[in-house]
Amino acid sequence: MKNIAFIFPGQGSQKVGMGEDILGGFPEASRIFSLAEGITGLSIKDICFKGPIEDLTRTVNLQPSVTAVNLCCLSFLISKGIHPKFVAGHSLGEFSALCAAGVLSMEDTIRIVFKRGQLMHREASENMGAMAAIVGLGLETIENMVNEEEGIVSVANHNTEKQIVITGAPEAVEKVSEKAAQKGAKAVPLKVSGAWHSKLIEGAQKEFSDFLGTFPFQVPERNVIFNVSAETEQEPDKIKEMMARQLCSPVRWFQSMKLLMENRIDAVVEVGPGRVLTGLMKQILPKDCTCKIYSANSMKSLEQVVDELGN
């Protein structure tokens, strides 16, 4: 039996039209989209299929929309007998991973990400923030830069060895970006509506933690590698605590994927829209690694995964 991992994308992977062909080719997708629309009161299908991109990118719309597409892709693979041994998700995508591991029901997953999007939007509206991707410098160098800066700025994502996203107040993010560029790095401002994974949205953390406390979390049926720790965890109460902290803590994606590789994974499947995590994975894997990488974001690509990984 193949040793398979599912990884789930989050914000930044969205595009207008995502999930539409899956709705046409997989009847269960209609139920999932209807479930998401009933819980949120949003026209999720219209937001996903028609946009415009400005509406889709609003975090209150985006979080349940990306999650709905993730869950459609997941449900198709599970229905065809493709089961992962490990799961992980990038930021928002971590809630889809919890659903895949049996920690959360599909309904509760959608309820939680909808609330998360509302809280993040509220905090971003009250505290203007910015994010930038720094390419070409290691984590220690970037951490030293943000620690030296007087303004609010921190590491948001450690995506690959030398691709790190910083987050915080616009002026502080710009200053660190300039310093990084002086050291030969490439600094790319990100089109985001808030300073995610920073102190600027920590006003939502307590409320989100209390909200999570109202949901039953189960012991994972599969190994989940968590953003906050880059390790697995089995205790439901500890998982709840980490998912609350995840809102403002760095996403330790590089370390998480290194742990995945230490477990001799044969295939990694990005389950959901886009190819962002597939691209990161190709940068993380050593050149001699035999692990195969798949993007499962359309009916054609989902069927390819089933053809190649099915028993």
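**Exercise 1. Judge the overall fold of the protein chain.**

Buried residues make up 56% of the 311 residues in the protein chain. Buried means under 20% relative accessible area, exposed over 50%, and partly exposed in between (1.4 Å probe, protein chains only). The model is predicted: local features need pLDDT of at least 70, side-chain atom pairs count only at pLDDT 80 or more, and totals for chains, interfaces and linings use all residues. Numbering runs from 1 along each chain as its sequence is written, and side-chain values use heavy atoms, with hydrogens and water left out.

Step 1. Take the secondary structure: the protein chain has 14 helices and nine strands. Both are DSSP runs numbered from the N terminus (helices H or I, at least four residues; strands E, at least two).

Step 2. Test the size. A compact globule of 311 residues would have a radius of gyration near 19 Å, and the 18 Å of the protein chain agrees. This radius is taken over C-alpha atoms, and the globule rule is 2.2 Å times the number of residues to the power 0.38. The C-alpha trace spans about 55 × 50 × 40 Å along its principal axes.

Step 3. Check the contacts (heavy atoms within 4.5 Å). Among those between residues at least 6 apart in sequence, 76% join residues at least 24 apart.

**Exercise 2. Describe helix H2 and what covers its buried residues.**

Step 1. Compare length with expectation. H2 covers residues 27-40, 14 in number, and reaches 21 Å from its first C-alpha to its last, close to the expected 20 Å. The expected span is 1.5 Å times one less than the number of residues.

Step 2. List the buried residues: Ala29, Ile32, Phe33, Leu35, Ala36, Glu37 and Thr40.

Step 3. Find the cover. It includes helix H1 (20-25), helix H3 (44-50), helix H5 (59-79) and H7.

Step 4. Look past the end. Glycine 41 follows H2 and has a positive phi, near 75°.

**Exercise 3. Locate the nonpolar cores.**

Step 1. Apply the definition. A nonpolar core is a set of buried Ala, Val, Leu, Ile, Met, Phe, Trp, Tyr and Cys residues joined through side-chain atoms within 4.5 Å.

Step 2. Take the largest core. It has 74 residues, of which Phe6, Leu77, Phe95, Leu98, Phe217 and Val269 touch the most other members. H5 gives the most to this core, with 10 residues.

Step 3. Follow one member. Beyond its neighbours within four places in sequence, leucine 98 is in contact with Val103, Leu104, Phe217, Val224, Phe226, Ile239 and Met243.

Step 4. Add the separate second core. Its 19 residues include Met257, Ile265, Met281 and Cys291.

**Exercise 4. Place two polar residues, glutamine 63 and asparagine 227.**

Step 1. Start with glutamine 63, which sits in helix H5. At 0% relative accessibility, glutamine 63 is buried. Its side chain makes a polar contact of 3.0 Å with that of threonine 59. Such a contact is a pair of N or O atoms within 3.5 Å; within protein, one must be able to donate a hydrogen and the other to accept it, and residues adjacent in sequence count only if both atoms are side-chain atoms. Not counting residues up to four places away, glutamine 63 touches Gln11, Leu92, Val113, Arg116, Gly117 and Met120.

Step 2. Turn to asparagine 227, in the loop between strand E7 (223-224) and H11. Asparagine 227 is buried, with a relative accessible area of 1%. A polar atom of its side chain lies 2.8 Å from the backbone oxygen of glycine 89. Residues that asparagine 227 touches, beyond four places in sequence, include His90, Glu94, Pro250 and Trp253.

**Exercise 5. Sort salt bridges by what they connect.**

Step 1. Count them. The whole structure holds nine salt bridges (a side-chain nitrogen of Lys or Arg within 4 Å of a carboxyl oxygen of Asp or Glu).

Step 2. Pick the bridge between helices. Lysine 115 and glutamate 207 meet at 3.6 Å, N to O. Lysine 115 lies in helix H7 (residues 106-126) and glutamate 207 in helix H10 (residues 205-212), so the pair ties together parts 92 residues apart in sequence. Lysine 115 is partly exposed at 23%, as is glutamate 207 at 32%.

Step 3. Pick bridges within a helix. Aspartate 210 and lysine 206 pair with their closest N and O atoms 2.8 Å apart; they are four residues apart in H10, about one helical turn. Arginine 245 and glutamate 241 pair at 3.4 Å. Both lie in helix H11 (residues 236-245), four residues apart.

Step 4. Look for shared partners. Salt bridges join Lys115, Arg122, Glu123 and Glu207 into one network.
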